[in-house]
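Visitor: Hi, I'm new to this one and would like a quick tour. Could you put it up so we can talk it through?
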Amino acid sequence: MKKHLGNVIKLALSLGIGVGLIYWFVGQMSESDKQQVVLDIKRANYLWVAVPPLLGLISNYFRAERWRLLLQSMGYNPGAVNTFLSVMIMYFLNLFFPRLGEVSRCGVLSRYEKIPVDKAIGTMVLERLVDVLCLGLVSLYLLVAEREKFLQLYNQIAANASTQFGEIIAKNQLNPFVKYGVMLAAMLALVVFIGMQIRAKGFENIKNDFIERSKGLLKGIISIKDVKSPFMFVFHTVGIWVFYVLMGYAGFKMFPETSMLSLGAAGVCLFFSGVAFSLTPGGLGLYPIFMQIVLTLYGVVGSAAISWGLVQWTAQTASVLVGGLLSLILLAILNREPALEE
C-alpha cells in the first residue's frame, strides 16, 4: 500500500509540474496568439505530422536489434518481436515515470524470454552509457556546425532556469535545523530499513544475493566485448541517432515557416528535447517551450514557433501511447498469457 502511495505521489508531482508549465505557458499568450495557434494547428500538413512517429518506430527497431546483440553475446537469443515490443513499452512507461521504462523493459523481456533480470539490466546500463557517448558526440558536432546558435540557446535556457531556481530557493529557504533534521531522518529511515531486511532474510543471504546480482549486472555491462558483430552494433547505434534527427527534420515540413530549417537545426531540437524529456514525463510542458526558443533563434517568427512544438509533441506522445498499449496487448497474445485466455 505504501509503495503504491509513493508511486502515486511521484506521478502526481511529475504531472503537476508538466501541467503547471502548460498553464503558465498558455497564460503568457494573448488571445490573438491563442487563436492563431489554433489556426496553425488546423493548417498543418498532417501527412508530415505522421512521418516523425513512423521514423520513431524505425529508431525503436534499431534499438531493439542492438539490445538483442548484447543479450546474444551472453548466450541468450530473445525473439525479435518480444524485444521490439519491450522497447515500445519502455517509452510508454517513461511517459508517466521517467526511467521506470528502462527497468520495466528488462522485466518484461525476462518474463517472456527467461533472461535473468540482473543481466538484462546490465545490458540496459551499457546501452545508456553508449547513448551518453553518442549524445556527447552530437553535442560536439553542434558546437562546431551550429556553434553560435547552440551556445546562444544553451546560455539563454540555463540563465532563465538558474534565475528562476534561485528565486524559488530564496523564497523558500529552509531553516538549517529543519534541513539537517530531514537529512538525519532520511538516514535513520535507511538504517531501519536495512536492519529490518537483515533481520528478515539474514545478513549472509542478503550479502550473497547482492553479490550474485552484482555479478549479473557486471556481466551485462561488459557484454559488449563479446558481441559477435561489432559492425552491426555500431550500425544499429548510428541508426538510432540518425532517425532521431530525421524525426525533427521531417517534422519541420508540417509548416511552411519551418520547412526550410536544416538538419543542424533538427540536431539542436533533438538535444534540447532530450533535456525536456529528462525533466518532466514525456517532456510535458517543457518540450513546446524549449522548441519555441530554438525555432525563434532560427528565424521562425510568430505563432508557428509555438504551434510546431505543440503539434510535434502531440504526435509523438500519441504514437507512444498507442504503440505502448498495443505492445502490452500483443505481448500477451503472442506469448499466450493464461490470464488473457481466461
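Visitor: Let me start with one residue: is V81 buried, exposed or partly exposed?
Guide: V81 is partly exposed, because its relative accessibility is 48% and that class lies between the 20% and 50% cut-offs. Keep in mind that this is a predicted model.

Visitor: Where is V81 found?
Guide: V81 sits in helix α4, which covers residues 80-94.

Visitor: And which residues make the nonpolar surface patch with V81?
Guide: V81 is joined there by L321, V322, L325, L326, L328, I329, L330, I333 and L334. The patch comes to about 860 Å².

Visitor: Which helix gives the largest share of that nonpolar patch?
Guide: That would be α13, with nine residues.

Visitor: How far apart are the end C-alpha atoms of α13?
Guide: They are 43 Å apart. Helix α13 has 31 residues, 304-334, so at 1.5 Å a residue it should span 45 Å, and the two values agree.

Visitor: What about phi of R336, which follows α13?
Guide: R336 has a positive phi, near 55 degrees. Most residues other than glycine have a negative phi.

Visitor: Let's step back. How many helices and strands does the protein have?
Guide: There are 14 helices and zero strands. Reading along the sequence, you meet one α after another: α-α-α-α-α-α-α-α-α-α-α-α-α-α.

Visitor: What share of the residues counts as buried?
Guide: Of the protein's 342 residues, 39% are buried. As for the accessible surface, the protein has about 19500 Å², and carbon and sulfur atoms account for 70% of that.

Visitor: Then take R68: buried or exposed?
Guide: R68 is buried, because its relative accessible area is 14%, and buried means under 20%. R68 belongs to helix α3, residues 46-72.

Visitor: What does R68 touch?
Guide: Leaving out residues up to four places away in sequence, R68 touches N77, P78, G79, A80 and T83.

Visitor: And over the protein, what share of contacts joins residues at least 24 apart?
Guide: It's 74%, counted among contacts between residues at least 6 apart in sequence.

Visitor: New topic: where is K114?
Guide: K114 lies in the loop between α5 (100-113) and α6 (117-145). Its phi is positive, near 60 degrees, in a residue other than glycine.

Visitor: Is K114 buried or exposed?
Guide: K114 is exposed, since its relative accessible area is 66% and exposed means over 50%.

Technical notes. Residues are numbered from 1 along each chain as its sequence is written. This is a predicted model: local features need pLDDT of at least 70, side-chain atom pairs count only at pLDDT 80 or more; totals for chains, interfaces and linings use all residues. Side-chain values use heavy atoms; hydrogens and water are left out. Helices (H or I, at least four residues) and strands (E, at least two) are DSSP runs, numbered from the N terminus. Buried means under 20% relative accessible area, exposed over 50%, partly exposed in between (1.4 Å probe, protein chains only). Contact means heavy atoms within 4.5 Å. Accessible areas come from the Shrake-Rupley method with a 1.4 Å probe; for residues, only the protein chains shown count as cover. The expected span of a helix is 1.5 Å times one less than its number of residues. Patches are made of residues with over 30% relative accessible area and no salt bridge: like charges are joined within 9 Å, nonpolar side chains (Val, Leu, Ile, Met, Phe, Trp, Tyr) within 5 Å. A salt bridge is a side-chain nitrogen of Lys or Arg within 4 Å of a carboxyl oxygen of Asp or Glu.
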